[in-house]
Every structure is written in structure tokens, then in C-alpha cells.
Amino acid sequence: MAKKKKNVPKAQGRHNSNGQGRGDTQLHIPNSPQRTYTIVDHRLEKPSFTIRQIRKGDEVCYEVTGDLTAPVPPIHESKYLDKKQCLEIYRWMLLNRKMETALENLYKQGKVVGGVYFGLGQEACSCASAYALHKDDWLGPMIRNQGSLLVRGFSARDIMMQYMAKAGSPTKGRDASSHFGDIERRNVVAPISTLGDLIPVLAGVALGARLQGRDIAVMTYIGDGGQSTGVTYEGLNFAAVQDLGLVLFVENNLWGYSTPADMQFRVKDLAERAIAYGIPGVIVDGTDACQIYDAAHEACERARLGEGPTLIEAKMMRMKGHAIHDAAEYVPKPLVEYWRKRDPIARFEKYLLGKKWLTPQENEKLIADVERELEADRDFAVASPMPEPESAAGGVYCDSSCHEIKPKYAVPKVRVAKSGVATPRQTAVHLK
Amino acid sequence: MAQLTYLEAIRQGIWEEMERDPSVFCIGEDIGIYGGAFKVTDGFIDRFGPERVVDTPIAESAIVGAAFGASLTGMRPVAEFQFMDFIGCAFNQIVNMVAKAHYRWGAPAPLVIRGPSGGNVHGGPFHSQNPEAWFVHAPGLKVVCPASAHDAKGLIKAAIRDNNPVIFFEHKYLYRRIKEEVPVEDYVVPLGKARVAREGRDVSVITYAAMVHVALEAAEILAKEGTELEVVDLRTISPLDREAIAQTVRKTNKVIVLHEDVRTGGIAGEIAAIINEEAFDDLDGPIVRITAQDSPVPFSPPQEEYFLPKLSDVMREVRRLKAY
């Protein structure tokens with residue numbers, strides 16, 4: 001059921017984020033006719049720190065400065081989630097985390113082909129965001145959003161088979177990790193390795209749906225590193241200008257491989273970028289599943305009402321390296337400690353136990369349940385065969401027998417206008 | 001039948017497909033009220049409405065990406081590039097996102113990317129290129145280069161109906177310079193099939209786009225001196241019609257490959273390799289390439305004339321090869 005559009009609250013705080021407490025960020029342009037923009041900030045804490053390259057003796061390394069002593073805030077109550085939904089999200093997050101642990105073990109046993117990518121510390125973002133999607137909406141996951149693939153209906157065994165390059169993987173061995181999708185049932189667009197490219201594609205999905213009479217939500221992600229690319233700009237701007245229902249989660253996990261966020265952009269918060277596109281910008285705590293869900297829910301509702309894109313900046317940290325080979329020793333230890341205390345699963349578990357929505361026994365049972373499911377998926381994936389070499393051939397082109405292409409939602413309504421096949425006006429053209 | 005220019009034929013082809021299939025729509029820069037920089041979509045927005053004729057910001061990556069996204073929902077977008085020279089701006093989307101989609105995750109991309117390419121219009125380096133070879137090189141794409149109004153209409157229809165991504169290069173020199181009889185009823189020219197534009201027995205010229213007309217002009221002159229040139233118009237350059245290529249070599253035993261694209265890495269090399277594979281024993285002389293020189297397209301008319309393959313090049317090479 002569509003919720004009434006929430007009015008953007010009036011800005012309260014000044015532009016500083018050292019303090020505790022809520023309040024939206026108001027941005028001013030000094031010495032000019034006053035323009036005021038509001039970025040909605042749902043966080044219960046607003047840490048301020050900087051990561052800089054400094055020389056320490058013979059070495060150049062990263063140093064973090066800022067206040068990292070604040071206590072971990074509680075989970076923000078959700079406006080929309082009930083107990084059942086919270087427990088489901090919690091389960092997805094557990095499945096996400098434990099699946100990645102299983103993948104790591106498989107890697108260490110030499111069963112994985114290539115590398116493994118982890119979303120450790122980002123499970124709330126992946127799972128709670130995708131949880132807000134409806135059946136007809138679409139998802140475009142990035143490499144660390146494997147949890148979103150689970151929420152959307154893929155199984156842990158699908159992802160494991162991808163990593164192990166098995167014949168039964170969703171891409172039949174032809175691509176790795178999260179590079180798979182489903183245009184028929186689960187509405188997932190497969191990512192490619194270059195960053196930002198999903199953004200115009202998801203915008204196009206919304207465009208296609210609109211031409212069929214539907215306003216849907218299309219959700220995708222981009223990192224603090226990935227958002228530096230030109231195609232990010234082009235895609236988001238296109239969605240904004242066309243009022244397409246793009247829900248973009250900018251996952252600011254502070255590291256783009258080995259490059260800290262402070263070396264990717266000059267703005268204080270990536271949500272400020274929304275101003276440049278003319279769309280609402282929202283900041284949430286990326287380790288708080290309730291904040292993630294609420295922002296996703298509101299953005300999806302806007303999208304389904306045809307009100308256009310929303311940029312949601314989720315702040316968190318990538319808790320492992322870029323990929324399994326990367327020990328990420330370049331990350332300053334105080335930062336790791338700060339974010340380790342904010343583990344999204346530990347926080348949510350504490351929240352659920354505190355609300356008595358989960359008893360310790362139920363929690364144990366849930367965890368055991370998830371582990372059992374993963375065990376079965378793992379065994380299945382390990383036992384499944386590698387592809388035959390010849391299976392590399394074929395499928396480069398779609399011939400008339402492999403796919404029947406027709407509009408997914410409805411045959412587009414064609415307007416019949418009176419103008420005929422007139423001869424074009426003989427106006428001047430660029431080059432004769 | 002109607003007398004149509006090459007441009008008008010393309011326009012009609014797209015128009016007819018939009019009438020026939022509600023999933024077809026156009027997307028690109030200035031294609032709406034302005035009707036397109038070359039007026040290919042003139043009148044479309046009045047007829048089909050702004051929903052199906054989408055004017056975009058200047059963002060080629062977004063044009064291609066959005067077209068691909070729409071195709072995932074079962075639409076058939078026709079994406080216009082104002083000049084195909086700008087295709088570089090969307091290169092990653094085309095070769096990485098679109099071309100690989102069916103192979104790696106089973107998602108067909110039934111989109112057409114079309115626009116004006118080619119020189120001889122004093123356009124300079126960024127309005128005269130022949131970028132087709134870059135896309136022939138990407139498995140998963142189809143690349144089409146019509147040379148006649150009849151084929152342009154039939155091929156754009158076929159391209160729109162094809163489930164694969166088709167890059168459709170319209171030679172801008174031909175837009176208003178050629179006019180021919182084109183059937184009014186619905187017809188398609190199949191992708192991947194060459195045509196023999198002129199039959200001959202002495203030397204074959206395998207070519208496409210504007211150079212077909214240069215070859216035909218040469219054929220007229222050479223016929224008077226008793227040399228019969230066979231001109232094979234490839235029409236589709238990916239996938240290439242290997243059989244047609246082999247057949248003409250078997251027939252004349254002497255072959256020239258002619259294209260307006262630059263020499264190195266142009267598809268004449270690919271065609272020469274195919275001839276080597278399919279009809280080596282039928283060759284009575286080396287495979288000759290006539291191409292533009294390896295440089296950007298120069299702007300000043302006398303320089304551009306020097307750059308482009310000329311009628312005199314064809315005459316000279318035919319005579320030389322015939323005497324081999």
C-alpha cells in the first residue's frame with residue numbers, strides 16, 4: 001500500500017557532524033544569494049574522521065584522525081518493520097555472513113577458482129535494502145551485495161557454484177562471483193566488473209517498465225570508489241531527468257581497494273551529490289538494518305509513485321580487504337576497532353534480544369538452522385560437476401529459438417496520432 | 001514502389017517497425033522535436049509521442065545503458081548516436097555490458113545502435129570516422145553497413161527484429177545522394193548476407209557502404225575497356241557472409257577488398273584471412289586491399305581527398321591485378 005509521501009523535515013543542525021543526536025545537514029553557499037539544501041540524515045551518531053596519507057619515518061601510510069571514542073548507538077526503531085520482518089532480515093544477514101565464511105573456507109581448501117569478495121560488515125545494507133523490493137521491482141547487485149541476491153531468491157549454492165566455476169552455476173561456468181542475473185523471475189541484472197555501469201542500465205529497466213505502463217522501483221548500489229566514474233554520473237543524471245524510479249545505495253565503506261574515501265571525493269558526505277542531480281539525498285548508518293530498510297522503503301515508494309530517484313548514502317566500513325588476497329593492512333587499526341564494534345549482525349542481534357523478539361534459545365536455533373542450510377548448499381555445490389570444456393562454445397548470439405522476447409509487464413499502449421509519414425522538412429543539417 | 005533517398009528509406013524502416021511493434025522505441029539526442037540532427041526521426045515524436053521518442057542528455061553511456069536496461073524488460077530500443085564517431089563514449093557499455101550479456105548470463109539485448117558514419121563530407125576527424133572494425137572485434141554484436149536505400153530500409157527492419165544487439169552504421173555521404181525505387185510493402189533484408197551488386201568475371205571487389213558506389217563507378221568505366229568487375233556488397237560485416245566471399249573468389253580468382261576505413265586493423269585483413277581459409281586454391285593473385293591511410297580523417301578537402309580511397313585507386317589496382 002502506498003504511503004503518503006513524507007515531507008522532508010526542516011533542517012535543524014548546523015553544518016557540523018561532531019555532535020551526537022539527529023538533525024539534518026544543511027549546506028550553504030557562502031557569499032552568494034542564499035541557497036539552502038537539506039540532506040536528510042537518519043543516523044544516531046555522526047562521526048567525523050579523516051584518513052590521510054602521511055609519512056612515518058621510512059614509510060608512507062594511512063593515518064586516521066578524528067574522534068573514534070563514541071559508544072555504539074542503539075538500533076534506530078523502524079517506522080515500518082514488524083517483528084516477523086525484522087527476524088527475516090536478521091536471518092538473511094546471518095545467511096549472508098555465514099555463506100561468505102563458508103566461501104572463505106572453500107577458498108582455503110583450494111576449491112574456489114579465482115578470488116573471493118566479501119561484504120563483511122555490510123550485510124545490513126545488502127539484505128535490508130533488497131528486502132524492500134517488491135516482486136515486480138528490479139535489483140542490480142554489486143560485488144559485495146551477495147546478501148541482496150539471497151533476499152531476491154538466489155540460494156547460497158548458486159553463489160558457491162559461481163565461485164567454484166561449476167557447470168550448474170547460474171552462468172553455467174561462464175562468469176564468476178556475483179556476475180549473474182535473472183530476467184524472468186527474480187528480476188536481477190548481472191553486474192560487470194567496471195563500476196557504475198549498472199546505474200544507467202537499471203534506469204533503463206525503469207524506462208522500459210514505464211513504457212509498459214508501470215512505475216517500478218529499481219535498486220542498485222555503488223561504492224565510494226565506484227561513484228567516481230563518469231558512467232555513474234551519466235546514469236544517475238539520466239534517471240533524474242527522466243524521473244525514473246532508481247533507488248541508488250551509495251555504499252560508503254571508506255575504501256575503494258586500497259584508496260580511502262578522502263582520496264575519492266571532496267564533499268563531506270556523498271549524499272550531498274544528490275543536490276547536483278536534483279534528487280533527494282539521504283544518509284543512513286549502513287550497519288543499522290532498520291535505518292537501511294526505512295530509507296529503502298521510502299525510496300521505493302517514491303519510485304513506484306513515479307517520483308523519481310533517491311540517493312541513499314549508507315555509511316559503514318569494509319571489514320575485510322578488497323578481495324581475499326588483500327590483507328588490507330593499510331587500514332589504520334583504530335578504524336578497524338571502531339567499526340568492529342558496530343558489526344551489523346551483532347547490533348541487530350542485540351536489538352532483537354533486547355526487544356524480546358528473539359530469545360537466546362531461538363537465536364541459537366536460528367543460527368543452527370542457517371548453518372544447516374549452508375552445509376547442505378555447500379555439499380551440493382562441492383559435489384556438483386565442473387563444466388565440459390566444449391560448453392564454452394555457443395550462446396554468443398541469441399537465435400530465434402533460444403529466447404522469445406516480449407514486453408514483461410504489458411504490451412505498451414500505442415497512441416495513434418493523426419500525422420502521417422510526411423516527408424521530412426528540408427532544413428539545414430550539420431553536414432551535407 | 002516509391003523513390004526514396006537512403007535516409008528516407010531508413011526513416012521509413014524505423015517508422016514502420018514502430019507502427020508494427022509497440023515495443024519499439026527511439027532514444028537519443030535531439031531526436032524528438034528537432035527530429036534528429038540528420039532528420040532521420042523527423043515527425044516521429046508527433047506520431048508516436050514523447051514516450052516512444054526519448055530525448056536524452058548528452059550521455060552516450062547512459063543512452064546505451066538505458067537502452068540495454070529497457071531491452072531487459074522486453075522492449076526493442078533504437079538508440080541513435082548523433083555521429084557514430086561518438087560511439088567511443090559508450091564503448092564500455094557496448095562491448096562489456098551489452099555484447100557479453102547473452103553469452104554470460106543468458107540475457108538477450110535486442111537493441112539497435114544506429115547513426116551516421118563515414119567521411120567525404122568535410123567533417124574532420126570526429127565527424128567522419130568509420131568505427132565499425134572495433135565492433136566487429138567484439139563477439140556478441142552484429143554490425144551492419146548498408147550501401148543502398150533498398151537495403152538500408154530492409155536491414156534496419158531486420159536489425160530491429162533481431163534479438164541481438166546490432167550496430168547500424170549509416171553512411172552519411174549516402175544519406176541524400178542516392179535515391180532509388182524502394183518497395184512500399186513490408187520487406188526485410190536478412191542480416192549476415194552479402195549481395196552481388198554487379199556481376200562480373202575478371203576481378204572481384206568486396207566492399208561495403210559508400211565504397212560500393214565507387215566500385216560500381218569503376219565497374220562502368222572498366223566494362224568499356226573489356227574488364228568485368230564483380231562488386232560484392234557485404235551489407236553486414238559481422239557476421240561476415242563467408243560463403244559469398246568464397247564464391248566470388250572462386251568465380252574470378254582475383255580479389256580486391258575495398259573499404260573507407262583505415263588500413264591497419266580494418267576488416268579487409270579479416271576478409272583476406274577468410275579468403276585464405278575458404279578459397280586459397282582459387283586465388284590467381286594476391287589479395288589486394290584498398291583502404292584509407294592510417295591516420296585520423298583530415299579536415300581540409302584536398303587532404304581528405306588524399307586520405308580516402310578513390311576511383312583512380314580502384315582503376316589502378318584492378319588493372320594491375322588483372323594483369324598479374
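What follows walks through a predicted model of two chains, from the contact between them to the inside of each.

The two chains meet over a contact that draws 55 residues from chain A and 50 residues from chain B. On the chain A side, two helices, α5 (198-211) and α6 (230-241), each put in at least two residues. Of everything on that side, α5(A) gives the most, with 10 residues. As for chemistry, the side of chain A that touches chain B breaks down into 31 nonpolar, 15 polar and nine charged residues.

Elsewhere in chain A, helix α10 (residues 344-354) is worth a look. Its buried residues are A:Pro344, A:Ile345, A:Arg347, A:Phe348, A:Glu349, A:Tyr351 and A:Leu352, so the buried set includes the charged side-chain types Arg and Glu. An α-helix has 3.6 residues a turn, so residues three or four places apart point the same way. The packing partners of these buried α10(A) residues are four other helices of chain A: α1 (83-108), α2 (123-130), α8 (289-304) and α11 (360-383). Just past the end of α10(A), the backbone at A:Lys356 adopts a positive phi of about 60 degrees.

Turning to chain B, the domain assignment splits it into domain 1 (2-182) and domain 2 (195-322). Their C-alpha centres sit 26 Å apart, and the two domains touch through 26 residues of domain 1 and 23 residues of domain 2. On the domain 1 side, α6 (132-136), β6 (142-144), α7 (149-161) and β7 (166-171) of chain B each supply at least two residues. The largest share there, four residues, belongs to α6(B). Sorted by type, the domain 1 side holds 14 nonpolar, nine polar and three charged residues.

Chain B also has an open sheet of seven strands, which runs in the order β3-β2-β4-β5-β7-β6-β12 with mixed pairing. Strands of a sheet pair through backbone hydrogen bonds, either parallel or antiparallel. At the edges lie β3 (53-55) and β12 (236-238) of chain B, each with pairing on one side only. From one strand to the next, the twist averages 20 degrees. At the β3(B) edge, β2 (residues 24-28) of chain B pairs with β3(B) in the parallel sense over three bridges, and B:Cys26 has B:Val53 in β3(B) as its bridge partner. Helix α7(B) packs on this sheet, touching β2, β4 (76-80), β5 (112-117), β6 and β7 of chain B. The direction of α7(B) makes about 160 degrees with that of β7(B). Both α7(B) and β7(B) also help form the side of domain 1 that touches domain 2.

Conventions:
Residues are numbered from 1 along each chain as its sequence is written. Chains are lettered from A and ligands numbered from 1 in the order in which they are written. This is a predicted model: local features need pLDDT of at least 70, side-chain atom pairs count only at pLDDT 80 or more; totals for chains, interfaces and linings use all residues. Domain bounds come from an automatic or database domain assignment. Two residues are in contact if their C-beta atoms, placed from the backbone, lie within 7 Å. A residue is buried if 20 or more other C-beta atoms lie within 10 Å of its own, exposed if 12 or fewer, and partly exposed in between; C-beta atoms are placed from the backbone. Two strands pair if DSSP finds at least two bridges between them. Axes are lines fitted to C-alpha atoms, for helices over the stretch in contact, and angles run from 0 to 180 degrees between N-to-C directions.
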